[in-house]
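User: Please take a close look at one part of this model, a pair of packed helices, and then place that pair in the wider assembly.

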Number of protein chains: 2
Amino acid sequence: MEPGLFEITGGITAPKGFRAGAVHCGIKEGSTGKLDLGLVISDFPAVSAATFTTNKIKAAPVRVSAAHIRSSETRGIIVNSGNANACTGSTGIQDARRMTQAAARESKYKERQILVCSTGRIGRQLPIEKIEKAVPALVADLKTDGSTRLAQAIMTTDTFEKQVAVELSVGNCAIRIGGVAKGAGMINPDMATMLCFVTTDAQIAKRDLQDLFSASVEQSFNPITVDGDMSTNDTAICLANGKAENPPVLPDQKEYALLGEALNFVTRRLARMIVEDGEGVTKFVEVHVKGAATYQDARKAAQAIANSNLAKCAWFGRDPNWGRIMAAVGYSSAKVREEMIDIFFNGVIATQHGIASGTPEDKLREILQNKKFTITIDLHLGAAEYKVFTTDLTPDYVQLNMGE
Amino acid sequence: MEPGLFEITGGITAPKGFRAGAVHCGIKEGSTGKLDLGLVISDFPAVSAATFTTNKIKAAPVRVSAAHIRSSETRGIIVNSGNANACTGSTGIQDARRMTQAAARESKYKERQILVCSTGRIGRQLPIEKIEKAVPALVADLKTDGSTRLAQAIMTTDTFEKQVAVELSVGNCAIRIGGVAKGAGMINPDMATMLCFVTTDAQIAKRDLQDLFSASVEQSFNPITVDGDMSTNDTAICLANGKAENPPVLPDQKEYALLGEALNFVTRRLARMIVEDGEGVTKFVEVHVKGAATYQDARKAAQAIANSNLAKCAWFGRDPNWGRIMAAVGYSSAKVREEMIDIFFNGVIATQHGIASGTPEDKLREILQNKKFTITIDLHLGAAEYKVFTTDLTPDYVQLNMGE
């Protein structure tokens, strides 16, 4: 952690001027009282930044939020779990708008000041009347310590709520940043929806917030989500309401870099929690490709390994089968020279110059007993590198994803 | 089946002048007498054609065979299972050559006339002395009805041997084509080694054989093996020894087209057997993308669906979750327009104009009870199409691949 940066409690409601709440409105059929509708509100005008899925099939709430994010002032986010409101046509768009309208009406803001997110099954219409009916209770539930309830309301197959908050000193001001997130199936290769909401009381211009937040997502969520494999609903949103009353943070100031680092800490921590809560996983694996000729080569090789079902099955079985890693590197389309490749498990060499290193297999097998380990692949062709966080592939993953 | 084309018994030794054999030489530690070394020999000079893996990490036997295939005359193929001889450095190359040398010496042909293949675990040196010691017994085992033993010798996790043979009439001549293959893990996305050997007694020039065989592989094995995901050892070889004594088959003749169709029948049949013997699978799914703007778009969309772990888990669970298909199409990088997409399960519409069609989910669920079904995705943007054969993803797949 950087000097001057402290972890605090309170999650998304730790920064000044934010309240959050959640209710059960019955979106998931048969679910017994689980929170499924959440709201976060800034009691003061906020600027907003966001990154959305690059999937060409975009859920209705993504389309509506992408329009509303252009508003110069944002007040909040309404979010439901249990239904993705994706592949739902014009009715879906209307329903996403009705969610923002209901939240705006009840909290006295404008529709364009409310963003909207959904997560759950694709292809079913939202029970919009249930949602609209629940919004008054939802607004009544808003509290300055409501982060945990909001974090719970966005959970699907997540097994624990994901929230974090930090405070940093900038000059004489204390700036706070809070965040919540929901997990993402098995992380690679086919992510379920990833949602992340970050709040801060920093004073910063909308454009600068977007720059900082985009960079922060790039170094936190993107390495756990292969770009091409984004879900229809992935959304990360950041709201900044200026209530820390710091002098506006401007690029080229050291405060800007400090704020960026604090934001990176928050998003990285949430990303790490998502990996650790992967569906049915037993292993958390950092794949670190270095010595690549280009950044793109490093990325392609790392992602091919992280997405190899055969490699992931071997990790589940504690089998130090580096041949499957070599095969994935070979088909990754990264530039490689077989006889240059070294592979390490937690720093212990398994493969040297493309062939078995001579390290006893039992020694490697011991490393794979760990719940977390790092696989380093040195291509020895340049200075570029890339890290991906991923998991094993388990029978439980299949069971969890075989139906509703 | 085309008129004039008949299926016959005999596999790879059905064509005139070919013998095959196999022995157990002890490559797999702890395996009890399973055949693990095979040989097919043409008793007459043959021309050869082949396609090899596009993986940048190529096994030693692939490198050696790629050199030997340039020889104008080929006599046979020696093959082992239980060890891939991949990522084995210069020792591996020497050992692959020692395999061809031993087979050549014992059968009185030249080293360059023998091709070599291996399949099994990557990264371990071959027990080459065991192999060399077994070659005399291997040559002694060669028989004109030895196809089944050869087909068994190349099995790894396969549960049944894969062989087929056909006879076609060309003018006054009967030409025969036979083939054997070994399976390929779960078919998509990470194939284990695919090997295929085809023999024919047709008389045809080497260049023309290569053209026909390349086209045949393209329409049979490539749609079950995503191009980028080839293993280090994938090899398909065709030998033609001319003993049918037909007038040489030349391009532009209708006999050339007939021979090509017969070859396609053989390779498609073997490809289908490979899919049906996928590791731990319970469902065989044809993914048919049509109405794409370009062939590449159709291919990308079909492969994204066939490789989607979430879609494959849903098939295992008999869940007609077409939303996961939409999501895969959306991240496939194919050109799509959400509101144009129709999806069918065995011809029954599930998704119309990008949203639920209104077909009762129970009716769709019933279709997914079948062991085999077809999913058709109509993008309604053009006339290009592509078909992929794939499988579900099952807990058994993970168990089979979690270690040795």
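Analyst: In this predicted model, Leu310(B), Ala311(B) and Ala314(B) of helix 8 of chain B are in contact with Arg324(B), Ile325(B) and Ala328(B) of helix 9 of chain B. By class, the residues of this contact are five nonpolar, no polar and one charged.

As to geometry, helix 8 of chain B covers residues 309-316 and helix 9 of chain B covers residues 322-331; the two pack at an angle of about 160°, and their axes are 9 Å apart. Angles over 145 degrees count as roughly antiparallel, so helix 8 of chain B is roughly antiparallel to helix 9 of chain B. The crossing of helix 8 of chain B with helix 9 of chain B is left-handed.

Both helices also take part in the contact between the chains. That contact takes 52 residues from chain B and 51 residues from chain A. On the side of chain B that touches chain A, at least two residues each come from helix 8, helix 9, strand 13 (355-356) and helix 11 (395-401) of chain B. Helix 9 of chain B gives the largest share of that side, eight residues. Sorted by class, the side of chain B that touches chain A has 23 nonpolar, 20 polar and nine charged residues.

The relation between the copies comes next. A turn of 180° and a shift of 0.0 Å along the axis lay chain B on chain A with an RMSD of 0.0 Å. The two copies are thus related as by a two-fold rotation axis. Among the residues of chain B, Pro395(B) comes closest to the rotation axis, with its C-alpha at 2.0 Å. Of the interface residues of chain B, 98% are also interface residues in chain A, so the copies meet through the same surface.

Another helix pair of chain B can be set beside the one above. Helix 2 (residues 89-107) of chain B and helix 3 (residues 128-140) of chain B pack at about 25°, with their axes 9 Å apart. This angle makes helix 2 of chain B roughly parallel to helix 3 of chain B. Their crossing is right-handed. Residues in the contact include Met99(B), Ala102(B) and Ala103(B) of helix 2 of chain B and Ile131(B), Val135(B) and Val139(B) of helix 3 of chain B. By class, the contact of helix 2 of chain B with helix 3 of chain B has eight nonpolar, one polar and four charged residues.

Technical notes:
Residues are numbered from 1 along each chain as its sequence is written. Chains are lettered from A and ligands numbered from 1 in the order in which they are written. This is a predicted model: local features need pLDDT of at least 70, side-chain atom pairs count only at pLDDT 80 or more; totals for chains, interfaces and linings use all residues. Copies are superposed by least squares on the C-alpha atoms of residues with pLDDT of at least 70 in both. Two residues are in contact if their C-beta atoms, placed from the backbone, lie within 7 Å. Axes are lines fitted to C-alpha atoms, for helices over the stretch in contact, and angles run from 0 to 180 degrees between N-to-C directions. Helices (H or I, at least four residues) and strands (E, at least two) are DSSP runs, numbered from the N terminus. Angles under 35 degrees count as roughly parallel, over 145 as roughly antiparallel, 65 to 115 as roughly perpendicular and the rest as oblique. A crossing is left-handed if the near helix is turned anticlockwise from the far one by less than a right angle, and right-handed if clockwise. Ala, Val, Leu, Ile, Met, Phe, Trp, Tyr, Cys and Pro count as nonpolar, Asp, Glu, Lys and Arg as charged, and the others, Gly among them, as polar.
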